[in-house]
Amino acid sequence: MSVRERKERERAHRHQLIVATARELAEEQGWEAVTTRRLAERIEYSQPVLYSHFRGKREIVGAVALQGFAELTAAMRRAVADSSGGRAAVSALAETYVGFAEGNPALYDAMFLLDTGLLFADAATPAPLREGFGALLDTLRDVAGDADPGLFVEVFWAAMHGLVALTRSGRLPEEGSAQRLDLLVDRFAGRP
């Protein structure tokens with residue numbers, strides 16, 4: 001292995017260490033606790049080393065969010081693959097989405113609530129975001145009926161996000177969550 005290859009490998013390792021540590025710290029203490037100073041202390045590198053990888057916290061949160069989209073996409077694809085299609089596939093998507101959000105609150109915040117600079121629905125949208133949308137589209141296209149499949153996915157996604165956000169904030173009571181999800185699935189799967 002050449003010196004250059006070793007340095008590239010070490011740089012990639014540091015990059016991943018920064019992202020993993022930020023995510024861990026956010027899940028433990030919230031995103032307010034994630035500062036470049038704290039990250040530098042935790043990973044035992046200087047702040048200038050962090051800045052050689054990321055211009056600031058926004059980019060670090062964006063890197064965490066991209067990991068989250070890749071993980072959510074993989075989970076949704078697995079769930080749908082294990083379903084029998086139709087309503088079962090829509091239910092698998094919905095349950096996986098909600099479970100992911102509940103199990104990874106800080107990661108979900110990075111993906112959907114915090115400023116990351118990541119563009120959605122744009123030519124510059126990063127691949128993990130496009131792939132996440134594609135995972136939804138691949139399944140929901142079959143139940144979209146006469147609706148534009150892309151718009152159908154956007155409304156489904158917005159409804160899922162709304163249920164997650166309103167439940168997490170306490171604006172919707174925990175009791176009734178399963179019934180709300182079933183109602184949403186029924187409506188999006190074409191059942192009255």
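Helices α8 and α9 (residues 177–188) are roughly antiparallel to each other, a label given to angles over 145 degrees, whereas angles under 35 degrees count as roughly parallel, 65 to 115 as roughly perpendicular and the rest as oblique. The two helices pack at an angle of about 175°, with their axes 12 Å apart. Axes are lines fitted to C-alpha atoms, for helices over the stretch in contact, and angles run from 0 to 180 degrees between N-to-C directions. Helices here are DSSP runs (H or I, at least four residues), numbered from the N terminus.

On the α8 side, the contact is made by Phe152, Val155, Phe156, Ala159, Met160, Leu163 and Thr167, and on the α9 side by Ser177, Arg180, Leu181, Leu184 and Phe188. Contact means heavy atoms within 4.5 Å. By class, the residues of this contact are nine nonpolar, two polar and one charged. Ala, Val, Leu, Ile, Met, Phe, Trp, Tyr, Cys and Pro count as nonpolar, Asp, Glu, Lys and Arg as charged, and the others, Gly among them, as polar.

The model is predicted: local features need pLDDT of at least 70 and side-chain atom pairs count only at pLDDT 80 or more, while totals for chains, interfaces and linings use all residues. Residues are numbered from 1 along each chain as its sequence is written, and side-chain values use heavy atoms, with hydrogens and water left out.

The largest nonpolar core has 54 residues, and Trp31, Leu140 and Phe156 have the most contacts inside it. Such a core is a set of buried Ala, Val, Leu, Ile, Met, Phe, Trp, Tyr and Cys residues joined through side-chain atoms within 4.5 Å. Two or more residues come from each of α1 (3–29), α2, α4, α5, α6, α7, α8 and α9; α4 gives the most, with eight residues. Apart from its neighbours within four places in sequence, tryptophan 31 is in contact with Ala22, Ala26, Lys57, Val61, Val64, Ala106, Asp109, Ala110 and Leu114.

Helix α7 (residues 127–140) has 14 residues, which should span 20 Å at 1.5 Å a residue; the end C-alpha atoms are 20 Å apart, in agreement. The expected span is 1.5 Å times one less than the number of residues. The buried residues of α7 are Pro128, Leu129, Gly132, Gly134, Ala135, Leu136, Leu137, Thr139 and Leu140. Their cover includes α4 (57–81), α5 (86–103) and α8 (149–168).

Four residues outside α7 are compared below by accessibility. Buried means under 20% relative accessible area, exposed over 50%, and partly exposed in between (1.4 Å probe, protein chains only).

| Residue | Location | Relative accessible area |
|---|---|---|
| Threonine 96 | helix α5 | 18%, buried |
| Glutamate 44 | loop between α2 (36–43) and α3 (47–53) | 72%, exposed |
| Alanine 121 | loop between α6 (105–112) and α7 | 79%, exposed |
| Leucine 119 | loop between α6 and α7 | 41%, partly exposed |

Leaving aside neighbours within four places in sequence, threonine 96 is in contact with Leu72, Ala75, Met76 and Ala79. Glutamate 44 has a positive phi of about 60° although it is not a glycine. Alanine 121, also a residue other than glycine, has a positive phi near 50°.

Leucine 119 touches Ala124, Thr125, Pro126 and Leu129, not counting residues up to four places away in sequence. Between leucine 119 and histidine 53 there are 20 Å in space, C-alpha to C-alpha, and the two are 66 residues apart in sequence.
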